[in-house]
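Dear colleague,

I am passing on a structure that you have not worked with before, and below it you will find notes on what turned up. Please read them with the sequence and the structure open beside you.

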Amino acid sequence: MTRVTRDFGDSMQKEAIHLVSSDVNFVSGRFPDYQIGADNIIIEPENNPRVPSLKEIVAKETTQLLEQQKRLSVRDLADKFEKGLSAAAKLSDESKWREVASLDRHVLLKKLRDVLDQLRGRVAGRNKDDAEEAVSMVEALAVQLTQREGELLHEKAEVKKLATFLKQAIEDAKKVIEEERAFARAEIESARAAVRRVEEALQEQEQMSRSAEKQELEELKKEVQEARRIKMLHQPSKVMGMEHELQALRIQIAEKSAHCIQLKKELAILRKLEENKSNLYELEGSESLGSCLRIVPRTDPAPDISNCSIQWYRTEGSKKELISGATKTLYAPEPFDVGRFLQAEIVLNDERFMVTTTSPIDPAAGLGSYVEALARRPETEFNVVVTQMNGRDYLSQSIHVFHVGKMRIKLRKGRSTKAKESYSASMQLCGIRGCGNAAAKSIFWQAKKGLSFILAFESERERNAAIMLARRFAFDCNIILAGPDDRAPTGTS
């Protein structure tokens, strides 16, 4: 047996590597990792990620293009085809590169096999078996490489077919684009022609209307001139004299009318002074909804009436209705008082003094439309402060919510409900009668017998709106919602 030393093997390995590396260009920097299975079958490692073949990539791109063809415009379709053509060109270049790499692999395998044959002739024993096993592995690699070359040629043919198809599709898309552009140009020209015809018709109509107006104006001028001529022919001096007399009479009538109005005003002032000569008090404040009326002395030496008996009334013609609870020097009109006179009776040392508003109470501007808008909602919320509960002062000044609904009224604070009652005959709701300067913003609400509140609103408008809205919803439930001992006026809703 021939003995192979270590130095000889190393020198042969270096020589083989030198011969192969001098003629072959390696695609990668290392030899592929392959494993030899049973019957010399080459097995690729499972941990290497599977790279899709060129055929699968082309089939996937073709499917996506066919799916998107129906929902793309002609211009977008042409862009897609051009991108597909560039992708096909890239794939073709990649196939050429793979072909070159395949040729390099063939050269590498041939060189490697020659080296292994030479090595097998020089070694013996176990090294010879290893060399033969390496030769069989190289042959198996050559067979697999040949199979892959066949697949590569098939894929190359498919890529060429796809490139041809894409070129034809691009040509068809360009033809369709040109046809669409020609059709669009024709439509634009047709629309421009129609616009020109409409403009010409409008200009012609405008000219005709101007000529007609000018002709009518000329005819009117001629008629006026003819009327003036006829007027001058038929006693022009007498007509002019009558015109001067009429002008003088108009001036005199205007002077007499102004003098008469002034005399009426002075007479009304004198009558009012005579009627109130013996009265020591009068009402101060705006006589409208949302204000406060206060009894004040007319003269400085007038006696103090803070401890006197006072009673307020509503008057309408000969009817006089007592306002229960209105026994203070101050009273804030409520919606029931609109359209009626208010009168206060003062009893001082067995003497009675009467003070009355000069005109009926006027409604608040815009309040009616505001209530109509709120009535369309199923429920309206108002922010209030409870000042009294069951006749006692309520110490907490926190904000409560007053709900006015179509079927009931509710008062709550946060999630806690203070009162929740449906409209009934025992429920009362009216403006507060007294309560100082806050009377115009406050109401009295008796939810049921034994449970009453005095609530202060944020403004006079919200207070009056809440009263009107609650009375309207209660009337829909056949309930007359009023204050203590009040009778609703006719037509209240």
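Across the whole structure, which is a predicted model, a search for salt bridges finds 12 of them. Side chains of opposite charge can pair when their charged atoms come close. The notes here take up a few of these pairs and then turn to a packing of two helices.

One of the salt bridges joins Arg192 to Glu189, and the closest N and O atoms of this pair are 3.6 Å apart. Both residues belong to helix 4 (residues 126-233), and because they are 3 residues apart there, about one helical turn separates them. Arg192 has a relative accessible area of 48% and is therefore partly exposed, and Glu189, with a relative accessibility of 44%, is likewise counted as partly exposed.

Arg314 calls for a longer description, since its side chain takes part in salt bridges with Glu321 and with Asp337. With Glu321 the distance from N to O is 3.3 Å, and both Arg314 and Glu321 are buried. With Asp337 the distance from N to O is 2.2 Å. Arg314 sits in strand 5 (residues 309-316), whereas Asp337 sits in the loop between strand 7 (330-331) and strand 8 (341-348), so this pair ties together parts of the chain that are 23 residues apart in sequence. Arg314 counts as buried because its relative accessibility is 1%, and Asp337 counts as buried because its own value is 0%. Through salt bridges that share partners, Arg314, Glu316, Glu321, Asp337 and Arg340 are joined into one network.

The other finding concerns helix 6 (residues 367-375) and helix 7 (residues 460-476), which pack with their axes 10 Å apart and at an angle of about 55°. At that angle, helix 6 is oblique to helix 7, and the crossing of helix 6 and helix 7 is right-handed. On the side of helix 6 the contact is made by Leu367, Tyr370, Val371, Glu372, Leu374 and Ala375, while helix 7 brings Arg461, Asn464, Ala465, Met468, Leu469, Arg472 and Phe473. Sorted by class, the residues in this contact of helix 6 with helix 7 are 9 nonpolar, 1 polar and 3 charged.

If you would like a place to begin, which residues are joined with Arg314 into one network by salt bridges that share partners? They are Glu316, Glu321, Asp337 and Arg340, and you could look at them together in the viewer.

With best wishes

Terms used: Residues numbered from 1 in each chain as written. Predicted model: local features only at pLDDT ≥ 70, side-chain atom pairs only at ≥ 80, totals over all residues. Heavy atoms only, no water. Axes fitted to C-alpha atoms, helices over the stretch in contact; angles between N-to-C directions. Helix = DSSP H or I, 4+ residues; strand = E, 2+ residues; numbered from the N terminus. Parallel < 35°, antiparallel > 145°, perpendicular 65-115°, else oblique. Left-handed = near helix turned anticlockwise from the far one by under 90°. Contact = heavy atoms within 4.5 Å. Nonpolar A, V, L, I, M, F, W, Y, C, P; charged D, E, K, R; others polar. Salt bridge = Lys/Arg side-chain N within 4 Å of Asp/Glu carboxyl O. Buried < 20%, exposed > 50% of the residue type's maximum accessible area, 1.4 Å probe, protein only.
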